[in-house]
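Please work through the exercises below with the sequence and the model side by side, trying each task before reading its solution.

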There are 4 protein chains.
Amino acid sequence: MAQVKIRTYSKEKQLVNERRQQITKGALHLFLKNGYHQTSVRQIAEASGMSVGSIYHYIGSKEDILYLLIEEGLEKTLSSIRGLQEIADPVEALSKAVDKWNRSIDEFQDMTVFAYQEMRNLNHEMRTRLQEIDMRAAAIFERILSEGVRQDKFHVENVKLFAHTMLVLGHMWAFRRWFLRRHYTLEQYIQLQKQLILSAAGTAKAQEDSTPSKGR
Amino acid sequence: MAQVKIRTYSKEKQLVNERRQQITKGALHLFLKNGYHQTSVRQIAEASGMSVGSIYHYIGSKEDILYLLIEEGLEKTLSSIRGLQEIADPVEALSKAVDKWNRSIDEFQDMTVFAYQEMRNLNHEMRTRLQEIDMRAAAIFERILSEGVRQDKFHVENVKLFAHTMLVLGHMWAFRRWFLRRHYTLEQYIQLQKQLILSAAGTAKAQEDSTPSKGR
Amino acid sequence: MAQVKIRTYSKEKQLVNERRQQITKGALHLFLKNGYHQTSVRQIAEASGMSVGSIYHYIGSKEDILYLLIEEGLEKTLSSIRGLQEIADPVEALSKAVDKWNRSIDEFQDMTVFAYQEMRNLNHEMRTRLQEIDMRAAAIFERILSEGVRQDKFHVENVKLFAHTMLVLGHMWAFRRWFLRRHYTLEQYIQLQKQLILSAAGTAKAQEDSTPSKGR
Amino acid sequence: MAQVKIRTYSKEKQLVNERRQQITKGALHLFLKNGYHQTSVRQIAEASGMSVGSIYHYIGSKEDILYLLIEEGLEKTLSSIRGLQEIADPVEALSKAVDKWNRSIDEFQDMTVFAYQEMRNLNHEMRTRLQEIDMRAAAIFERILSEGVRQDKFHVENVKLFAHTMLVLGHMWAFRRWFLRRHYTLEQYIQLQKQLILSAAGTAKAQEDSTPSKGR
DNA sequence: CATGAATGAGGTTTCATTCAT
DNA sequence: TATGAATGAAACCTCATTCAT
């Protein structure tokens, strides 16, 4: 749970945050386009309108940039499903969760794929910290599912695994886009995954839902 | 569908294949452990008992090694589920497919994760070629599912997507092992995913299966 | 003989001296531990509780800090033997001089070694200025020796060289400590060098001195 | 006593030695003129007619170059006094030893000063290894002195320290050349140090020697 | 007087690939 | 066929110094 410490020579928190934003903003496009290793710090400097020296004034290493970028991406993705566990009806909550989650992944699809690919370049501590963010997303799904099970609306044997599976089915939209985009629109994908998830959760809703749309 | 052409200065097909095997075998461990970019051709040469010069005699670039390695890995993973579409009973076939697929992923988990992470370093043609292999795996699931739907054993709206989802749920065991291994054994995972898939497929079997085991 | 001029933007001599003291005090430990080149101005700023900007307010360059530091060190080392030429008996004076000199070197051994190693990084003028300090130490020995020769107590052909040799034999305790400390205590070293010097100076005292102690 | 291992990608010992010679030869002038830190590997590459890449084919780091250079210098300096302990007459042997040693130092004076200054930039193992070479020189002096003491020609209380002192008095000619060259020729210096050493060694020879020459 | 953000040249080292042997 | 020496561009990162505030 301990925060990842990133070296900076500045003591002004405000400025540090600003500049780091500037750096990650500049790096984002380059990283997504060319990958972490194929992007040089000089390029990042140029793209973010700073000098190389200044960059190292606010971060300790190139790795730190990668970390900050992914962290920010995960947090953003996560924020879309915050508060969904407050919805009273579990079926509705789950349905909305799938919806929001998939749209969020769609919005940050590049980032999502990127995270899968480049997280290996982070040290253990950083990776652990990012996995924690991931687990916070799972926890939201988990609570919805648990409530549904308690209300006997869902029949899910292992809530934790089910939650993670939902997470991954969202990610799938991003990392298998080379296939999915050829066959489905986001709307269709959401619709279909919703059915799959609800029916796997053993709810009657799944059947009703399946009639209208006709996939492709 | 066109084959990826890899440069070689040798004309003896037999020898070329042998040497390429030798190269990928040497590279495998290094790539999995340190990643593609962190592995140098010199290291690969050492590990495979060849000289750097010889390596470039049989391949055209470092990228080619990456390609060969992943291709081989995917083929191996795929081969575990070959022939399953021959099974008459779709429910049994699907159940077996999930079983085999997950065990196969488990066996090649490093390779699976690696493929997710490093495929970005391949050029378009190579990536396309590897995706085709992937689709062949999906096709097997697809045929099983289609047959089940035809026999009215499964109620799956979109067979293609369902097949891909099954693929990904297998991969998930590899790329989320940091989480899954802490909570489940492979057996438990297979059991639980089988239930999820069968129940999502709308088969009665799912309910029966769920009663005995109690997850964790 | 001209003083080395060091740039400052301040006109208050008092303050300049104070701040320079502060700087060299902060730099001392770092320079001795990590060397001149391996120490950054930022580190010095931190260690001396000043900002980088302030440092450059009172000195002109990093080189200046090196100069001030060594100058101060040499002056301190020198001050231990000041006034010894006043002693009437040349034999006693010489003996005391060796004693004091070696103890002084021992006290500032890190500084002594450091001066040998890093003086090369100073410009010609600075180096010359520091060599003058060195010669003042030699001059003290020289006067003692000359007086001894005049009184026919010493038989030294070249007084100047002998004086410098005495200086160096003191330094030796510092820059060969990796060897000397393994075999001798400071007391033993002083005792033995005293004998060597007195006997080289052709005094009878040397023989007497050599009998009691048995070195090691 | 263990050899310092220096990385190389070549297995041909002959070639490695040749190229390392080439490197150190190129570095020598630059190091002596500008110092270790002020010399870049790029400069060394140019000076030695190799590419930067090639340099790193034969050494592991810049530090290694420094080590090789100093080692070679010390060995050369040492070789001048090899075999002197074979001389039967200790007085003659010692006299010759001082002579040879000082001339050797004179020949390699830049290297000698350089070694004093830059050895701090080597790691512990390397430094230790170089000190061993130093001790081999001392051992030669030691054996001569011991033999003289056995024959009652010398009266030296601590032979080991005396030997080291002789070493240092030689070095002194190099690192105090800024002073010594102004006042003495090498011949004079040798003459005077010979007297000092012989008289400190308590031999009658010293007195005889002192009469003819008149120093300056 | 005091600060510390900003700079950009330059440091060491690595590496995929070629080519003469 | 096989070798591995050679290359040189480019990687990440540091640092003394300045100057606007």
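Helices (H or I, at least four residues) and strands (E, at least two) are taken as DSSP runs and numbered from the N terminus. The model is predicted, so that local features need pLDDT of at least 70 and side-chain atom pairs count only at pLDDT 80 or more, while totals for chains, interfaces and linings use all residues. Residues are numbered from 1 along each chain as its sequence is written, and chains are lettered from A and ligands numbered from 1 in the order in which they are written.

**Exercise 1. The fold of chain A**

Task: Describe the secondary structure of chain A, and state what share of its residues is buried.

Solution: Begin with the elements: chain A holds eleven helices and zero strands, and along the sequence they give the pattern α-α-α-α-α-α-α-α-α-α-α. Next take the extent, for which the C-alpha atoms of chain A occupy a box of roughly 60 × 40 × 25 Å along the principal axes. For burial, a residue counts as buried if 20 or more other C-beta atoms lie within 10 Å of its own, as exposed if 12 or fewer do, and as partly exposed in between, with C-beta atoms placed from the backbone. By that rule, 41% of the 216 residues in chain A are buried. Finally, two residues are in contact if their C-beta atoms, placed from the backbone, lie within 7 Å; among contacts in chain A between residues at least 6 apart in sequence, 67% join residues at least 24 apart.

**Exercise 2. Two helices of chain D**

Task: Compare the spans of α1(D) and α4(D) with expectation, and find what packs against their buried residues.

Solution: The expected span of a helix is 1.5 Å times one less than its number of residues. For α1(D), with 22 residues, the expected span at 1.5 Å a residue is 32 Å, and its end C-alpha atoms are 31 Å apart, which agrees. This helix nevertheless bends by about 30° at Ala27(D), where the bend is the angle between axes fitted to the seven residues ending at a residue and the seven starting there. Ala27(D) is also one of the buried residues of α1(D), which include Arg19(D), Arg20(D) and Phe31(D), and these buried residues pack against α2, α3, α4 and α6 of chain D. Just after the helix, Gly35(D) takes a positive phi of about 90°.

Turning to α4(D), its 18 residues (62-79) reach 26 Å from the first C-alpha to the last, close to the 26 Å expected. Its buried residues include Asp64(D), Tyr67(D), Gly73(D) and Thr77(D), and their cover includes α1, α2, α5, α6 and α7 of chain D.

**Exercise 3. Pairs of chains**

Task: Which rotation superposes chain C on chain D, and how many residues of each are in contact?

Solution: Copies are superposed by least squares on the C-alpha atoms of residues with pLDDT of at least 70 in both. A rotation of 179° with 0.0 Å of shift along its axis places chain C on chain D with an RMSD of 0.2 Å. The two copies are thus related as by a two-fold rotation axis. The same surface serves both copies, since 100% of the contact residues of chain C recur in chain D.

The contact joins 28 residues of chain C with 28 residues of chain D. On the side of chain C, α6, α8, α9 and α10 each supply at least two residues, and α8(C) gives the most, with seven.

For chain B and chain A, the contact takes 28 residues from each. In contrast, no contact joins chain A and chain C, whose closest C-alpha atoms lie 10 Å apart, and chain B and chain D do not touch.

**Exercise 4. The surfaces near the DNA**

Task: Which residues come nearest to DNA strand E, and which are closest to DNA strand F?

Solution: A residue is near a strand if its C-beta atom, placed from the backbone, lies within 6 Å of it. Of the 37 residues around DNA strand E, Ser10(A), Gly53(A), Ser10(C), Gly53(C) and Ser40(D) come nearest. Around DNA strand F there are 35 residues, the closest being Ser40(A), Ser10(B), Gly53(B), Ser10(D) and Gly53(D).

For classes, Ala, Val, Leu, Ile, Met, Phe, Trp, Tyr, Cys and Pro count as nonpolar, Asp, Glu, Lys and Arg as charged, and the others, Gly among them, as polar. The surface near strand E then has 13 nonpolar, 16 polar and eight charged residues, and that near strand F has twelve nonpolar, 16 polar and seven charged.
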